[in-house]
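Got your viewer open and a selection box ready? Let's walk through this one stop by stop, picking something new each time.

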Amino acid sequence: MLWLTWMAANTTMWMNDVAAAWLMTSLAPSPLWVALVQSAGTLPVFLLGLPSGALADILDRRRYFMVTQFWVAAIATVLCVVILLDWMTAPLLLVLVFANGVGLAMRWPVFAAIVPELVPRPQLPAALALNGVAMNASRIIGPLVAGAIIASAGSAWVFVLNAVLSLAAGFTIMRWRRVHKESPLGRERLGSAIRVGVQFVWQSSRMRAVLLRIALFFLHSTALLALLPLLARSLPGGAAGTFTVLLAAMGSGAIIAALQMPRIRALLPLQRLLFTGTTVQAVAAAVVAFAPNIYVAVPAMFFAGMAWIAVANSLTVAAQMALPDWVRARGMSIYQMALMGSTAAGAALWGQVANWTNIHESLAIASVSSVVLMALAQRLVADRGIEEDLTPSHVFKVPQAEAPPASGRIQVNIEYRIDPARADEFLALMQESRRSRMRQGALDWQVLRDLYDPARFVEQITDESWTEHLRRFDRVTAADVQLRDRKGAFHIGEEPPLVTRLLIER
């Protein structure tokens, strides 16, 4: 049910993109204005991704997902009315496309967090590939339907259908019998939730590598989609139908690749797959740029679609596997911010380059740049992260307090006795401890060594409050338990490491 809802939601997105981009070619046919349609649609995800992801981790995800669909329906209704009243202008179209993008910004993180609830972790790559099928089936269905409606009835009726489908999706989500479980500690504050989400991603070497690669790929690959309406017009006999056929070819290639992703991943390791996919997409974009007719452009778009889904799916799976459930929506919202932010920037960048040169040379430059920069990223920013066991664990004993402090920061000191000859090994391991504590939401971390007792080390962790200190125990994973055991193996004292908790008086 939710997969069909997601497919309907994406179909409305593509219908909106096609109708808005084609409408802009009539209102303001400049390459920059046409490219800005895509920027306006994707920029909200970059601007609102963090709050949206935090809310999706805090609130009832079913209700939140439902509201996003009603928002999109409302914006589609406004677009329809403005067009029918002949009030539409190029700036107003960008504003309304931006408002529609707000709905996309709200719904993507929550759906990304929902999927792992519905399938076991080993099946997550296949489920994400299935979502890729939905996305790219909608890439075919949406433009085909939008093109047919534009040609027969006009752009306004595309937005009417968008509103109807979005309302249907919203009411379908209402039927989902999901039970929202409130934390005994209460809801996280929005600001704190955002801070913790950013900290987790920043302290994860795997997530940092994934974000760089997805940003580079979409910064360049978006040039093809952003300039495609103008490329379609430049082909012999180019019209709305040409644009639709090219998008459908790309979507078809993406679906074929999505269905073959398990085999592709088995043949190519992640780093090689990313570089190969980037190269294929770059070559395909260059072919489309200089294609003499639609018969050359369509196969190139097909291969561009295959490369696009191979890279996007592989990086999405890598991001999902690097995130535990408690921070998944926030982590995926940051991932989506990198994707959409680079898409928005790329659309504006390559649209401006096309103004300086032309659309063909702009795509050629983007193709060369994408391969060169991805090669540099692979060489200079290697993904050295290891696959961690992120299964939730409740091994750590939750501390109790007769009178828990209502406010004030908490300082936790853990004292170790370490053989001075092994101090360097221990300190190297403590850097892993630092990353673990900060990923869980600690405000600060440091390790202290006694000047007068070389065997005494103190790990010091600062938490925002007593409640946030307790939340860290809910976020402990099997990997954290293994890390604790590795640290404990260095301890040479007769008693376990001494733990003290102090309230920082202001």
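## Stop 1: the sheet, from the inside out

Select residues 410-417, which make up strand β1: six of its eight residues are buried, so the strand is largely enclosed by the rest of the structure. Keep in mind as you go that this is a predicted model.

Now add residues 456-463, strand β3. β1 and β3 run antiparallel, and eight bridges join them. To see the register, show Y416 as sticks and look across to β3, where F457 is its bridge partner. A second place to check is I414, which stands opposite E459 in β3. While β3 is highlighted, turn on a surface: seven of its eight residues are buried, leaving this strand mostly covered.

Next, bring in residues 498-503, strand β4. This strand is also antiparallel to β1, with six bridges between the two. Pick E415 and follow the pairing into β4, and you land on L498 as the bridge partner.

One strand is still missing from the picture: select 444-449 for β2. β2 and β3 are paired over six bridges, again in the antiparallel sense. L448 is a handy marker here, since V458 is its bridge partner in β3. Trace the chain from β2 into β3 and you go through a hairpin of six residues.

With the four strands shown together, in what order do they sit in the sheet? Read across and you get β2-β3-β1-β4, an open sheet with antiparallel pairing. β2 and β4 are at the edges with a single partner strand each, so one side of either strand has no neighbour in the sheet. Rotate the view to look along the sheet: neighbouring strands are turned by 20 degrees against each other on average, ignoring direction.

## Stop 2: an oblique helix pair

Hide the strands and select 90-118 (helix α4) plus 328-356 (helix α13). Two packed helices are described by the angle between their axes and the distance between the axes. Here the axes come within 9 Å and cross at roughly 130 degrees. α4 and α13 are therefore oblique to each other, and their crossing is right-handed.

For the side chains at the contact, show L104, W108, P109, A112, A113 and P116 on the α4 side. Across from them, show R328, A329, M332, S333, Y335, Q336 and M340 on α13. Colour the contact of α4 with α13 by class and you should find ten nonpolar, two polar and one charged residues.

## Stop 3: a roughly parallel pair

Now try 205-234 (helix α8) with 270-289 (helix α11). Their axes come within 11 Å and cross at roughly 20 degrees, which makes α8 roughly parallel to α11. The handedness of this crossing is left-handed.

On α8, the residues to display are R213, F217, S221, L224 and L231. They meet Q271, L274, G277, T278, Q281, A285, V288 and A289 in α11. By class, the contact of α8 with α11 holds seven nonpolar, five polar and one charged residues.

## Stop 4: three single residues

Start with N162, in helix α6 (residues 155-174). Is this asparagine, N162, buried or exposed? N162 is buried, with a relative accessible area of 2%. Leaving aside residues up to four places away in sequence, N162 touches T12, M15, N16 and A76.

Then jump to D86, in the loop between α3 (61-84) and α4. Most residues other than glycine have a negative phi, and most peptide bonds are trans. D86 has a positive phi, near 60 degrees. With 69% relative accessibility, D86 counts as exposed.

Finish at Q400, located in the loop between α14 (359-380) and β1. Q400 is exposed too, with a relative accessible area of 71%. For a last bit of viewer work, draw a distance from Q400 to L84, C-alpha to C-alpha: the two are 64 Å apart in space and 316 residues apart in sequence.

Definitions and conventions
Residues are numbered from 1 along each chain as its sequence is written. This is a predicted model: local features need pLDDT of at least 70, side-chain atom pairs count only at pLDDT 80 or more; totals for chains, interfaces and linings use all residues. Side-chain values use heavy atoms; hydrogens and water are left out. Axes are lines fitted to C-alpha atoms, for helices over the stretch in contact, and angles run from 0 to 180 degrees between N-to-C directions. Angles under 35 degrees count as roughly parallel, over 145 as roughly antiparallel, 65 to 115 as roughly perpendicular and the rest as oblique. A crossing is left-handed if the near helix is turned anticlockwise from the far one by less than a right angle, and right-handed if clockwise. Contact means heavy atoms within 4.5 Å. Ala, Val, Leu, Ile, Met, Phe, Trp, Tyr, Cys and Pro count as nonpolar, Asp, Glu, Lys and Arg as charged, and the others, Gly among them, as polar. Buried means under 20% relative accessible area, exposed over 50%, partly exposed in between (1.4 Å probe, protein chains only). Two strands pair if DSSP finds at least two bridges between them.
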